[in-house]
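Subject: Structure handover

Dear colleague,

I am passing on to you the structure below, together with some notes on what was found in it. Please look through the model first and then read on.

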Amino acid sequence: MQILLGILICLIVVDLSLIAAWTTVRLYTNAAAISPAEISPFFVAAGVLLALITLLLNRRREASKDYLESATDLIEKAYNVLNDRGENGLPKNSRINWLTSARLLRKSQLIAQLITERSHKGIWWEKQEYWRGRFRDLILPDLAGFPRDYYAEKPEYFDWWSGDIREPLSLKSLVVLYRFVRWPEGREDPLNDEKSFTKEEIEKMATSGPQKLGELLEEFQALQKKNNP
């Protein structure tokens with residue numbers, strides 16, 4: 001579609017150039033002999049090309065929207081598959097659950113690469129950030145992560161296991177999911193330019209809340225003033 005759209009744009013540029021050139025020549029040679037019938041085919045061609053370009057642009061936008069919706073649906077399904085919790089409150093250490101979730105996540109990312117519209121790309125980035133946070137809370141609740149034997153009973157079982165040994169989680173699924181929850185390199189944090197609470201805002205918390213946060217921040221400001229006179 002991109003190639004066809006490019007060809008049509010080139011054709012309409014050529015058509016408009018021919019109209020301009022033809023008009024210029026006729027004006028300088030014999031202005032009185034100019035007839036609308038002579039130039040009308042060029043305008044008809046331009047109209048047809050514009051209609052085709054509009055149709056293709058609309059189709060491209062609709063396709064981009066479909067890709068966005070499909071990628072969003074898959075990343076949500078990836079989370080739901082993994083959010084099957086055991087009695088301990090952790091996601092079940094099921095090899096098939098982790099593999100399915102990782103596959104759905106990768107498929108969502110591959111489909112998202114087909115999104116063409118800038119607005120849709122921006123929406124996808126924000127949706128990814130939302131689900132990144134949800135996944136992080138699910139599989140990386142703290143720095144330690146889950147117990148060692150959650151992933152595999154022994155390190156060597158990542159390569160080989162049999163019999164009554166519980167299936168280890170797939171290393172590839174762990175790679176996909178734990179890479180996803182990391183903050184992307186080069187991605188600017190939208191909070192970087194946000195300023196800290198002012199003294200007036202902290203004082204206002206005593207009446208408008210949250211009061212305990214206000215008290216804590218007052219003590220924090222006092223410590224900062226003491227350490228940085």
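A residue is called buried here when its relative accessible area is under 20%, exposed when that value is over 50%, and partly exposed in between. Please keep in mind throughout that this is a predicted model.

By that cut-off E129 is buried, because its relative accessible area is 17%. E129 forms a salt bridge with R132, the closest N and O atoms of the two being 3.1 Å apart, and R132 also counts as buried, at 4% relative accessibility. The two residues are three apart in helix α4, so about one helical turn separates them.

The total number of salt bridges comes to six, and two others deserve a description. In one, the side chains of D73 and K77 meet at 3.1 Å, N to O; these residues are four apart in helix α2, which means that they are separated by about one helical turn. D73 is partly exposed at 35% relative accessibility, and K77 is likewise partly exposed, at 41%. In the other, R61 and E117 meet at 3.6 Å, N to O, and this pair links distant parts of the chain, since R61 belongs to helix α2 while E117 sits in the loop between α3 and α4, 56 residues apart. R61 is partly exposed, with a relative accessible area of 40%, whereas E117 is buried, with 13%.

Turning to the interior, the largest nonpolar core has 28 residues, and those with the most contacts inside it are W98, F135, I139, L177 and Y178. Helices α2, α3, α4, α5 and α6 each supply at least two residues of this core, and the largest share, seven residues, comes from α2. Leaving aside its neighbours within four places in sequence, I139 is in contact with L82, W98, F146, L177, Y178 and V181.

Helix α4, which spans residues 118-139, also contains K127, a residue that is partly exposed at 30% relative accessible area. Apart from residues up to four places away in sequence, K127 touches L68 and T72; the C-alpha atoms of K127 and L68, 59 residues apart along the chain, are separated by 9.8 Å.

Finally, on the surface, F197, L213 and L216 form a nonpolar patch with about 280 Å² of accessible area together. Of these residues, L213 lies in helix α8, residues 211-227, and counts as partly exposed at 33% relative accessibility.

With best regards

Key
Residues are numbered from 1 along each chain as its sequence is written. This is a predicted model: local features need pLDDT of at least 70, side-chain atom pairs count only at pLDDT 80 or more; totals for chains, interfaces and linings use all residues. Side-chain values use heavy atoms; hydrogens and water are left out. Buried means under 20% relative accessible area, exposed over 50%, partly exposed in between (1.4 Å probe, protein chains only). Contact means heavy atoms within 4.5 Å. A nonpolar core is a set of buried Ala, Val, Leu, Ile, Met, Phe, Trp, Tyr and Cys residues joined through side-chain atoms within 4.5 Å. Patches are made of residues with over 30% relative accessible area and no salt bridge: like charges are joined within 9 Å, nonpolar side chains (Val, Leu, Ile, Met, Phe, Trp, Tyr) within 5 Å. Accessible areas come from the Shrake-Rupley method with a 1.4 Å probe; for residues, only the protein chains shown count as cover. A salt bridge is a side-chain nitrogen of Lys or Arg within 4 Å of a carboxyl oxygen of Asp or Glu.
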